[in-house]
Amino acid sequence: MLATTPGLLDAVRGTIATGRYFDAGHDARADRVVVLGARAAQRLGVWRVDRQPSIFIGERPYTVIGIVDAVQRRSDLLDAVLLAVGTARADFALPGLEQAQVTIAVGAGPVVGEQAPIALDPTTPEAVDVQVPPPPSAVGGQVQADINAIFLALGGVALLVGGLGIANVTLLSVRERIGEIGLRRALGATTRDVAQQFLVESAVIGLLGGLVGAALGVLVVVVVSVTKEWTPVLDDVAVVASALLGGVIGLAAGTYPAVKAARIEPIAALRGVAQ
């Protein structure tokens, strides 16, 4: 059971299915009339108000003058019995209202949030708790930040998988080329030369992967922009950096296989057995 002013439905964007909402006259006279939410009316078995049905609150009868069937901002009102503030003060000694629903213009939330406590309670405005809806730009920024975080996490996982793939391929290459490594070492190649060979190979693989990924990313942006009739905006630095990042990932992934190849002894390598 809620006590409201006559303007509540306008503030919460509610509609009346049948009958009417109480007005300032009902409020001033403390008339014993109520308006039911749709679900409350269903539970009470009230479907029509043309015959002035009544419900009892305690031992007092109240005439049902309307039924609310839709509320956009306060769906809980559909389960409520609504009566005028004047009636609640007369019958239930209501001291005052606990909440105020306000319809404001777009972007006026911060201003109303500052002025509402002073308007509602000039003596102690700090006692009024005001909840201001965030501006659309702030909501959009938070959503965009969450989306960016998700894509960054997915990108990090993709880089990790790619790095492990390059490391695995390079390690297999080392095992398959043991004889070649032994021959190079026998001809005078140092451990640094062997390590550099595999580091360069893994870095080239990573760089090629980065170039392919950057090209695909640019292509997707251009195709989506053309489809949506947008103007594609590309960051040249980001495109180049993403390609170079692939080379860095390849270089890091090839470090362990390169060190392993450099530690192979020439005699063991010529025998085809890696130590």
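Strand β4 (residues 54–57) pairs with β5 in the antiparallel sense over four bridges, where two strands count as paired if DSSP finds at least two bridges between them. Helices (H or I, at least four residues) and strands (E, at least two) are DSSP runs, numbered from the N terminus. The model is predicted, so that local features need pLDDT of at least 70 and side-chain atom pairs count only at pLDDT 80 or more, while totals for chains, interfaces and linings use all residues. Residues are numbered from 1 along each chain as its sequence is written, and side-chain values use heavy atoms, with hydrogens and water left out.

Within the pairing of β4 and β5, Phe56 stands opposite Pro61 in β5. The hairpin of these strands has two residues between them, and Gly58 takes a positive phi near 70° there. Strand β5 (residues 60–71) is also joined to strand β2 (residues 14–19) by five bridges, and these two strands run antiparallel. In that pairing, Gly19 faces Gly66 of β5. With strand β3 (residues 33–37), by contrast, β5 pairs in the parallel sense, again over five bridges. The bridge partner of Val34 in β5 is Val64. In a regular strand the side chains alternate between the two faces of the sheet.

The search for salt bridges covered the whole structure and found nine; a salt bridge is a side-chain nitrogen of Lys or Arg within 4 Å of a carboxyl oxygen of Asp or Glu. Side chains of opposite charge can pair when their charged atoms come close. One of the salt bridges joins the side chains of Arg39 and Asp79, at 2.8 Å from N to O. This pair links distant parts of the chain, with Arg39 in helix α3 (residues 38–44) and Asp79 in the loop between β5 and β6 (81–84), 40 residues apart. Relative accessible area is used to class residues as buried (under 20%), exposed (over 50%) or partly exposed (in between), with a 1.4 Å probe and protein chains only. Arg39 counts as partly exposed because its relative accessibility is 36%, and Asp79 is likewise partly exposed, at 35%.

Arg48 forms a salt bridge with Asp50, with 2.4 Å between the closest N and O atoms. Asp50 is exposed, its relative accessible area being 52%. A further salt bridge is formed by Asp76 and Arg74, whose closest N and O atoms are 2.8 Å apart. Asp76 is partly exposed, with 37% relative accessible area, whereas Arg74 counts as buried at 19%. Salt bridges that share partners also join Arg39, Arg43 and Asp79 into one network.

Arg74 is in addition one of the residues in contact (heavy atoms within 4.5 Å) with Gln101; the others are Leu8, Ala11 and Val12, leaving aside neighbours within four places in sequence. Gln101 lies in the loop between α4 (85–92) and α5 (109–120). Its relative accessible area is 32%, and Gln101 is therefore partly exposed. Gln101 and Gly7 are 94 residues apart in sequence, and their C-alpha atoms are 9.4 Å apart in space.

Another loop residue, Arg177, is placed between α6 (136–176) and α7 (178–186). Arg177 is buried, with a relative accessible area of 19%. Not counting residues up to four places away in sequence, Arg177 touches Gln197, Phe198 and Glu201.

A nonpolar patch on the surface is formed by Val200, Val204, Leu207, Leu208, Leu211, Val240 and Leu244, with about 610 Å² of accessible area together. Patches are made of residues with over 30% relative accessible area and no salt bridge, like charges being joined within 9 Å and nonpolar side chains (Val, Leu, Ile, Met, Phe, Trp, Tyr) within 5 Å. Accessible areas come from the Shrake-Rupley method with a 1.4 Å probe, and for residues only the protein chains shown count as cover. The elements giving two or more residues to the nonpolar patch are α8 (191–227) and α9 (236–253). Helix α8 gives the most, with five residues. Val204 is placed in helix α8 and counts as partly exposed, at 43% relative accessibility.

In helix α10 (residues 255–262), Pro257, Ala258, Ala261 and Ala262 are buried. These residues lie on the same side of α10 because they cover an arc of only 135° around the axis, the arc being that of the directions from the helix axis to the C-beta atoms. An α-helix has 3.6 residues a turn, so residues three or four places apart point the same way.
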